[in-house]
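The following exercises concern one protein model. Please study the sequence and the structure before working through the solutions.

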Amino acid sequence: MRLGQGGQINRDRRVDFTFDGHAYQGFEGDTVASALLANGARTVARSFKYHRPRGILSAGSEEPNALVTLGRGAGQEPNARATMVELRDGLQVFSQNAWPSVGFDALEVNDLMSPFLSAGFYYKTFIGPRLPGARLWERVFEPAIRRAAGLGRLSCDPTGMVTEKAFAFCDLLVIGAGPTGLMAALTAAEAGADVILVDEDFLPGGRLNAEVEEIDGQTASGWAADVTARLAALPNVRLMGRTAVIGVYDQGTYGAVQKHPPAPGAPEETFWRIAAKRCVLAAGAIERPVALVNNDRPGVMLAGAVRTYVNRYAAAPGRRAVVFGASDEAHRTAADLIRAGVHVAALVDARDVPCDLDVPYYRNAMVESVQGREVESVLIRRADGSDDRVQADLLAMSGGWNPNVHLTCHLNGRPVWNDDLNAFLPTPDAVPGMEPAGSCNGALTTQACLTAGRDAALQALSDLGINGAAPDVPQAWDADPKAQPLWVVPGKGRKWIDFQNDVTTKDIEQAARENFRSVEHMKRYTTQGMATDQGKTGGVTALSVLADATGRSIPGTGTTTFRPPFSPVHIGTLGAGGEGRGFAPERFTAAYPVHLSMGASMVEAGLWFRPSYYLRDGEKTWRQACDREALMVRDTVGVCDVSTLGKIDVQGPDAGAFLDFVYAGTMSTLKVGRVRYGLMLREDGHVKDDGTCARLADDHFLVSTTTAAAGDVMRHMEFAAQVLRPDLDVQLVSVTEHWAQTAIAGPQSRDLLNDILDTPITSEDWPFMACGDVSVGGIPARLFRISFSGEHAYEIAVPARYGESLFRQLVSKAEARGGGAYGTEALNVLRVEKGLLTHAELDGRTTAYDLNLNQMMKKANVFIGAAAARRDAMMDPDRPRLVGIKPVGAVKQITAGAHLFEADAEVSRETSQGTVSSVAFSPTLGHYVGLALLKEGPERMGETVRLVDHMRGITTLCEVCPTTFFDPDGGRARG
């Protein structure tokens, strides 16, 4: 079926491939679809539900039928659209959803049962009596349906696919390299704008490559090639072929997936995030099929696709064709087929217009049905009601064109109906900064597209403040493809609308009868427009059928919601770099090299890596190192890297009022140079996070958060500022990475600090909970006298680039005093001894009342979570509340996560009195201590409870005691 001449394929470069194990040949420039057609392969797939034979319908990314699997084994790719797969040597292609073969599929028996398998049958049929121990659905029907349905299948093995992600920035992004896009890109680029031109095809030109027409005296495809070469020669232009824009996002950001030709070690796909100041959408239009009986058979194709295969790929989709439509597109298709040497058995036009082609012509007529498993003949209904049966193996049909509006709807925009075109057009300004132009905006002729592309580029240049000359628009001529409405051919029989999901006009009418009248309900009830098709080919036709069934207009029926991605994307491409160590971001503090040089055991804390403990000579276990470090802080001085704590800079005239709103306590009364502990609630009244708030100036605060909650708290505060209190003049910036922060704790902490400060401090100048600016070796720094250890302690912050040097010096000077560095294990011991909280206690289920911090909630109900936190259930005395526990009796071990019971109670879920949240062995006290949430806890001081840990096989009697085990009056921290 390969034509002897023509096409834009390289006949000097033969490409060998296989389909279902059979060897075939194509040429460089072919797609899998064009090569299969050229080899006479007509049935290439099976349908989703009825397993009916399916052929190639289209020539672009809208293809609903020809879904194939590429390769075998771990790297096999299911559901690849054959129309979009560039042919390459050694490619293995397999049909899907067929057994034992695509030519004979045993499950085609489903088609005989179609009267019983209409829309919604599985919702209504498979609910019945129970089998012993299970439902019929669970044991019989669901497994059978899952085996029979579906399309391609993924391998369960890692693919090894190499992908990457990249970022790009431009003045103008042009989406689509057809006549509109090429003209827009050329206009903007020659004016000096930075231009990115993307197109999902590997050959720029769009439909110019598929048509026999001229532009400025040369072939349309030749003009496209010349313009592409001019653009490639410009330094301010990036041409991105094989690239599909899959999504439109806020602030001029576009997601795109670029496929790369196979090369050893090179990535197969790249996920691009493109930030564009302006965008011209030149996405073209998609031809729609006509709903007629058996229009899903192999050999039924869109007329525009037939011209593409004949003119671009030199592949004849059939030997004897019938062409059917309601526009000049049908006449153009017949002329191109005749020119290529394909016999046109009939030209059928639903309009009453003349024809100047020497072919059997049926005017004011319809193709009523198709006969044969593959097209063998078509039945033509004349205007007078008589029928003609015409032998043919190809039916080229055209029901008109749908402008490709999908990308204009990704920011919640809806398209608008145009009565003149009988199609939806983009809503003006649906996407800020995006200008739809050309066919996607209703300009369907080549001349109109060229003009629209130039004008859209000039408007974008004007918006950008770039002066650009208006170039002359090339002269082109082609037929106006505007069609009269042609949705469904009257008559009995099944007429397919969604070829991929086996949805017929009958299914949509049934949905309407059963009151699924909303377009969104109809979609889900019938599966119309789901999977990779997303309504590209049959969406508007389905709306016309639903409108007719419900007595509404098409615009009154509305459209479904278009969401990214526009076309299928590998999950691995979206998550490029996310395998192995790239699965989650790894964040390292400035002092990370120092920790490694000291032999620290690193542990993940949120996304950060923090030192857990530092083993010294003679120490073999973490407990030995932890005990030494904790005693070191209590006896001399310790240094700890706390750079990972969240730091949020809050500035503005209303900063104090804003912090009063997001914190349960009052921050606006805080004096400059002072720090206050703060509790933050969620809207449901539960504790979100705790931390400190330092006032650096009248309109400048610095908020600290826990390490793991830093990002969440930042989002929470941004939401509060933008949505809940937009009336407040306040700005928020996360500065966690900007500052390297080190805690210095212990009796000698001030002496150590004065060893490095340019100006020494005293306890009188710098009391507990003070803050302010200092300098170290001439470097500006910030100092906070706060303590998470219960000791006389400070935290000093310097710009991150000085963090490693400062930490190294502090550790050296601490070791000279008998101290040194301590990690998170020792830090946990110190804070449990003092009863201080972490997210072990702030686990999302606790309230301020549970944590004995309800006195921190100011009386006025003007902060987030205030009303919810004061509900009776949130302050029920029977709720588990925070207490301390310590072991008594023979067994001394306690464990986090264990349950607490009354000493003589039976152990069961119903008798549990609470749980242990944190545990540490205190080398200072010589025994375990812990924090627990116990029912009526504060009222049970001195009571003995039983700790039970079934997982570890531990049962311990414990005494309920205050949460502060060490230095209960806080004299060491304040002294």
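**Exercise 1.** How much area does the protein expose, and what share of it do carbon and sulfur atoms supply?

*Solution.* This is a predicted model, in which local features need pLDDT of at least 70 and side-chain atom pairs count only at pLDDT 80 or more, while totals for chains, interfaces and linings use all residues. Residues are numbered from 1 along each chain as its sequence is written, and side-chain values use heavy atoms, with hydrogens and water left out. The protein exposes about 40200 Å² (Shrake-Rupley method, 1.4 Å probe). Carbon and sulfur atoms supply 52% of that area.

**Exercise 2.** Determine what fraction of the residues is buried.

*Solution.* Buried means under 20% relative accessible area, exposed over 50%, and partly exposed in between (1.4 Å probe, protein chains only). Of the 975 residues, 56% count as buried.

**Exercise 3.** Describe the salt bridge between Arg339 and Asp336.

*Solution.* A salt bridge requires a side-chain nitrogen of Lys or Arg within 4 Å of a carboxyl oxygen of Asp or Glu. Here the closest N and O atoms are 2.6 Å apart. Both residues lie in helix 8 (residues 328–339; a DSSP run of H or I, at least four residues, numbered from the N terminus). They are three residues apart, so about one helical turn separates them. Arg339 is exposed at 54%, whereas Asp336 is buried at 6%.

**Exercise 4.** Characterise the salt bridge between Asp850 and Arg879.

*Solution.* The closest N and O atoms are 2.7 Å apart. The pair links distant parts of the chain, 29 residues apart. Asp850 is buried at 2% relative accessibility, and Arg879 is buried at 17%.

Notes:
Helix = DSSP H or I, 4+ residues; strand = E, 2+ residues; numbered from the N terminus.
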